[in-house]
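Subject: Structure for you to look at

Hello,

Here is the structure I said I would pass on. Please open it next to this message.

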Amino acid sequence: MTRPGGATGSAARSPAPEDAPRSCPSAPAAPGVRLLGLLGPDGRVHNLKSVVTVDAGFLEAAAEAGPVEARMRFAGRCQTSGCAQWTGSRCGVIDKALAHIEAALPLEAGALPPCTIRQDCRWFAQTGARACGACSYIVTDRRAQVAAE
Ligand code: SF4
């Protein structure tokens with residue numbers, strides 16, 4: 001796990017141009033992706049406040065406690081049409097999550113959560129602050145949650 005020198009998050013950076021590559025906030029765990037957040041005991045993902053890039057050793061160690069994508073969220077390059085969640089023009093994950101979450105509970109308005117990828121986040125580019133309101137409820141690997149439902 002490495003911490004790039006001087007990286008402290010995204011708040012001061014300018015948004016990416018419309019056609020720029022975007023970051024996927026629910027990317028598969030793989031060496032070189034960024035650790036975005038950790039699932040807390042409250043069932044919500046809590047984002048890191050600084051950029052942390054993971055390596056194979058970190059992922060191997062983390063996997064000893066179970067599937068890492070059930071406990072951590074990672075950010076990697078959005079694959080657009082190379083991803084099964086791509087609808088042809090946007091990421092379907094956040095649209096489905098918002099429809100589900102907003103129907104179930106009112107999302108909190110107010111300050112955005114800390115986030116190291118907001119400047120180029122696919123979900124934020126598509127949906128703005130609403131995406132950040134739903135983001136912490138999204139777990140990449142939901143197999144255990146689904147089995148318990
Ligand atoms: S939806 Fe918001 S909080 Fe979640 S990764 Fe994107 S910018 Fe960050």
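Below are notes on the fold, one strand, one residue and the largest pocket.

This is a predicted model, and everything that follows should be read with that in mind.

Fold. The protein chain has five helices and four strands. Along the sequence the order of these elements is β-β-β-α-β-α-α-α-α. The chain has 149 residues, and 40% of them count as buried. Taking contacts with a separation of 6 or more, 71% are between residues 24 or more positions apart.

Strand β1. This strand covers residues 23–27, and four of its five residues are buried. Its pairing partner is strand β4, residues 72–77; the two run in the antiparallel sense and share three bridges. If you want one pair to look up, take A27, whose bridge partner in β4 is F74.

Residue Q126. You will find Q126 in helix α3, which spans residues 122–127. Is Q126 buried or exposed? Its relative accessibility is 19%, and the cut-off for buried is under 20%, so Q126 counts as buried. The side chain of Q126 reaches the backbone nitrogen of C91 at 2.5 Å. C91 is also among the residues that Q126 touches; leaving out residues up to four places away in sequence, the full set is W86, R90, C91, I94 and D95.

Largest pocket. The space in the largest pocket comes to about 730 Å³. Its lining is made up of 29 residues, and those nearest the centre are S26, V93, W123, I138 and V139. Which elements give two or more residues to this lining? They are β1, β4, α2 (92–104) and α3. The largest share comes from α2, with five residues. So both strands of the pair described above, β1 and β4, are represented in the lining, as is α3, the helix that holds Q126. Sorted by class, the lining has 16 nonpolar residues, seven polar and six charged.

For a first look, I would suggest going from the A27 and F74 bridge to the pocket centre at S26, V93, W123, I138 and V139, and then to Q126 and its contact with the backbone nitrogen of C91.

Regards

Technical notes: Residues numbered from 1 in each chain as written. Predicted model: local features only at pLDDT ≥ 70, side-chain atom pairs only at ≥ 80, totals over all residues. Heavy atoms only, no water. Buried < 20%, exposed > 50% of the residue type's maximum accessible area, 1.4 Å probe, protein only. Polar contact = N/O pair within 3.5 Å; in protein donor to acceptor, adjacent residues only side chain to side chain. Contact = heavy atoms within 4.5 Å. Pairing = 2+ DSSP bridges. 1 Å grid on protein atoms, 1.4 Å probe; cavity = no way out; pocket = protein on both sides within 12 Å on 5 of 7 lines; lining within 4 Å. Points joined across faces, edges and corners; volume = space filled by probe spheres on them. Nonpolar A, V, L, I, M, F, W, Y, C, P; charged D, E, K, R; others polar.
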